[in-house]
Amino acid sequence: MANMFPLSSDGQDPAELPDLNDPLMDHSEGQLFLNEAFKIIIEEVLCKGTDVKQKVCDWKEPEHLALLLDLELRAAGEPQQRLLQRVQDVAKYSVKTSHPRFFNQLFAGVDYHALAGRFLSEALNTNLYTYEVAPVFVLIETEVLRSLRQLVGWTEGDGVFCPGGSTSNMFAMNLARYRLFPEIKSQGLWAVPRLTIFTSAESHYSVKKGAAYLGIGTDNIVVVEVDEGGRLIPEDLEEKIELTKSQCQRLCPSGTTVRGAFDPLDRIADVCEKHTVWMHVDGAWGGSVLFSEQHRHLMKGVARANSVAWNPHKLLMAGLQCSALLLHDTTNLLKKCHSANATYLFQQDKFYDVNLDIGDKTVQCGRKDDCLKLWLMWKAVGSIGLAERVDKAFNLVRYLVEQMRKREGFHLLWEPEFLNVCFWFIPPSMRGKEGNADYQDRLANVAPVIKERMIKQGTMMVGYQPLGDKVNFFRMIVISTLVSKEDMDFFLDEIERLGNDL
C-alpha cells in the first residue's frame with residue numbers, strides 16, 4: 001500500500017520530526033520549579049502578607065506596573081530563574097487580602113486548611129460533572145450541601161456550588177421561572193407572560209444583571225421600600241404584589257452588601273406563601289450567622305424560603321470562590337431546568353448509579369470542586385470553630401463602635417446590625433459647620449482622599465460609597481480571624497492621621 005503521508009504538512013521528512021515519545025516536559029525540573037515557587041508564595045503572601053509591619057499593597061501606577069511586570073508574551077520561553085522572578089513580582093505587587101488591615105471587601109484573611117484544599121483542587125485538576133472523573137468530589141459536595149441545608153433548617157432538598165453569589169441568585173430566578181412555566185426551556189420567552197421580580201431597594205446588583213441576562217428585563221424589577229435600618233418592609237411588599245398582576249419572584253437580602261441589614265424573613269414568608277411567590281434569600285454575605293447560636297436569630301424564618309444563596313468564601317474565609325445555592329425542592333428541579341442530557345458525558349447505561357453524575361444540575365460544563373476547601377476547613381475546626389469566627393467578628397465590631405463613639409469626628413450613619421460599620425469621618429476644619437452650603441460637597445470628598453492616601457502609603461484598605469441621599473461614607477468590614485483590638489485601634493488612628501488636615 002502506498003504511503004499516504006510521505007511528508008509532514010510543512011514538507012519535512014517524518015524521520016526528521018521530533019520524537020513523539022518526548023514528553024516536552026521534564027517532571028523533575030517542573031517539580032523543582034514548583035517547590036521554589038511555593039517558597040516564594042509562603043514568604044511573600046503568607047508570611048509578609050499577614051504581617052502588620054508590612055504593607056497591605058505596594059501601589060504602582062498602571063503604566064509603571066505594566067513595565068515592572070514585563071507583560072508581553074513572546075515566541076520563546078524564559079529560564080526558570082526568570083519565571084521565579086515573575087512569581088515574586090506578582091506576589092509583591094498584588095494586594096495582600098490576608099493582611100489583618102485589609103477591610104476593603106466582603107472577603108479577607110486566610111484559612112490554611114481551606115488553602116490546602118485549594119492547592120489540592122488545582123493539582124488534581126478535575127471537572128465536577130460525573131462520578132467517573134470526580135468520585136471524591138461528588139461525594140464531598142453532596143455532604144457539604146446536606147450540612148449547609150441542615151443549618152438552614154431543611155432535612156431534605158437539593159443544591160449546587162456556583163461560580164459566585166451572583167450566579168446563585170441568577171440560578172434561583174431561572175428555577176423560579178421554570179417551576180411556573182417549564183415550557184420556557186424549549187419554547188423560550190414567547191411562551192411565558194410578563195414576569196416580575198420583587199426585591200429590596202438595597203439588594204445586590206446581581207438582581208438587575210440576572211433580570212437582564214434571563215430576558216425578564218430590568219423594567220420588570222419592582223423595588224420594595226426599606227425601613228431606616230435598610231430592612232425590607234413586608235407591608236410594602238404585599239401592597240406591590242397585589243398591584244402587580246403578573247407572576248412573580250421575591251429576593252430577600254440577608255446581610256445587605258453596604259449596610260449589612262437582615263430582612264424580616266418570617267414576615268416576608270407570610271406574604272410569599274399567601275401569594276404563592278417563590279422566596280429566594282440572598283444570604284451570600286450573612287448566611288454564615290447560621291453557625292452561631294448567638295446570632296442565627298438574624299435569619300429567623302430562612303427555613304421557609306424556597307432557595308438560599310450562601311458564600312462561605314466571605315465570613316467563613318473558605319477562599320474565593322466558594323458559593324452554594326441551596327434548595328428546599330425535592331422534585332429534581334435543578335436538573336429538569338438546566339439539563340441538556342449530553343450523551344458523551346451522561347450515558348444512562350453506566351456501571352454505577354448515574355444519579356451520581358451531577359453535572360446536569362448546572363448550566364456549566366466545566367465546574368471546579370469548590371466544595372473541597374470548605375469541607376477540609378470544616379473538618380479541621382468543626383462547626384464550633386466556625387461559630388467562634390462569626391462571634392469574634394461581631395465582638396470586634398462592637399469594640400470598634402464603642403471606641404468610635406469616644407472619638408470626635410466619627411459619625412455612625414446607622415447602628416450596625418451585622419459586620420458592616422458605615423460612618424463619616426468629619427475633619428476638624430468641618431466640625432460644627434454642617435449648615436454651610438458647601439458642607440455636603442466637602443464631606444463627599446473626604447473618603448476618596450483618605451482612601452487614596454492609605455492605598456498609596458499601603459497602611460490599610462477600607463471601602464467607601466454613597467447610598468441614596470448619603471454622600472460618600474466609609475464601609476468598614478471585619479472578617480479575618482487575624483484581626484485584633486489593636487487593629488481596630490490602628491484603624492481609627494489611621495483615619496484620623498490621614499484625614500485631620502482636610
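Contact here means that heavy atoms lie within 4.5 Å. The model used in these exercises is predicted.

**Exercise 1. Two helices against α12**

Find which residues of α4 meet which residues of α12, and describe how the two helices cross.

Solution.
Step 1. Locate the helices: α4 covers residues 112–124 and α12 covers residues 371–405.
Step 2. List the contacts. From α4 come His113, Ala114, Ala116, Gly117, Arg118, Leu120 and Ser121, and they meet Leu372, Lys373, Leu376, Met377 and Ala380 of α12.
Step 3. Sort these residues by type: 7 are nonpolar, 3 polar and 2 charged.
Step 4. Describe the geometry. The axes are 7 Å apart and the packing angle is about 145°; the crossing is right-handed.

Now treat α5 with α12 in the same steps: at what angle do they cross, and which residues make the contact?

Solution.
Step 1. Helix α5 spans residues 135–152, and its axis comes within 9 Å of that of α12, at a crossing angle of roughly 65°.
Step 2. The handedness of this crossing is left-handed.
Step 3. On the α5 side the contact uses Phe137, Ile140, Glu141, Val144, Ser147, Leu148 and Leu151, and on the α12 side Cys371, Leu372, Leu374, Trp375 and Trp378.
Step 4. By type, this contact has 10 nonpolar residues, 1 polar and 1 charged.

**Exercise 2. The length and surroundings of α5**

Check the span of α5 against the expected value, then state what its buried residues pack against.

Solution.
Step 1. Helix α5 has 18 residues, so at 1.5 Å a residue it should span 26 Å. The expected span is 1.5 Å times one less than the number of residues.
Step 2. Compare with the model: the end C-alpha atoms of α5 are 26 Å apart, which agrees.
Step 3. Pick out the buried residues of α5, among them Phe137, Val138, Ile140, Val144, Leu145 and Leu148. Glu141 and Arg149 are also on the list of buried residues.
Step 4. Name the neighbours: the buried residues of α5 pack against α4, β2, β7, β8 and α12.
Step 5. Look past the end of the helix. Gly153 follows α5 and has a positive phi, near 115°.

**Exercise 3. A strand with both faces covered**

Decide whether β8 is enclosed or open to the outside, and find its pairing strands.

Solution.
Step 1. Strand β8 runs over residues 323–327, and 5 of its 5 residues are buried, so β8 is largely enclosed by the rest of the structure.
Step 2. Separate the faces. In a regular strand the side chains alternate between the two faces of the sheet. In β8, Ser323, Leu325 and Leu327 lie on one side and Ala324 and Leu326 on the other, and all are buried.
Step 3. Find the partners. Strand β2 (158–162) is joined to β8 by 5 bridges and runs antiparallel; Gly159 stands opposite Leu326.
Step 4. Strand β7 (307–310) pairs with β8 in the antiparallel sense over 4 bridges, and the bridge partner of Ala309 is Leu325.

**Exercise 4. A five-stranded sheet and its helices**

Give the strand order of the open sheet that contains β11 and β12, and say which helices pack on it.

Solution.
Step 1. The sheet has 5 strands in the order β1-β11-β12-β10-β9, with mixed pairing.
Step 2. Its edge strands are β1 (102–103) and β9 (410–412), each pairing on one side only.
Step 3. Inspect one pair: β11 (461–467) and β12 (470–477) are antiparallel, with 4 bridges. Gly463 has Arg475 in β12 as its bridge partner.
Step 4. Add the helices. Helix α13 (439–457) packs on the sheet, touching β10, β11 and β12, with its direction at about 35° to that of β12. Helix α14 (485–499) touches β1, β9, β10, β11 and β12, and its direction makes about 25° with that of β10.

**Exercise 5. Residues in loops**

Asp357 and Asn341 both need a label: buried or exposed?

Solution.
Step 1. Asp357 sits in the loop between α11 and α12, and Asn341 is found in the loop between α11 and α12.
Step 2. Buried means under 20% relative accessible area, and exposed over 50%.
Step 3. Asp357 has 4% and therefore counts as buried; Asn341 has 52% and is exposed.
Step 4. The contacts of Asp357 include Tyr129, Tyr131, Phe346 and Lys350.
Step 5. Check the backbone of Asn341: its phi is positive, about 55°, although it is not a glycine.

Definitions and conventions. Residues numbered from 1 in each chain as written. Predicted model: local features only at pLDDT ≥ 70, side-chain atom pairs only at ≥ 80, totals over all residues. Heavy atoms only, no water. Axes fitted to C-alpha atoms, helices over the stretch in contact; angles between N-to-C directions. Left-handed = near helix turned anticlockwise from the far one by under 90°. Nonpolar A, V, L, I, M, F, W, Y, C, P; charged D, E, K, R; others polar. Buried < 20%, exposed > 50% of the residue type's maximum accessible area, 1.4 Å probe, protein only. Pairing = 2+ DSSP bridges. Lists of a residue's contacts leave out its neighbours within four places in sequence.
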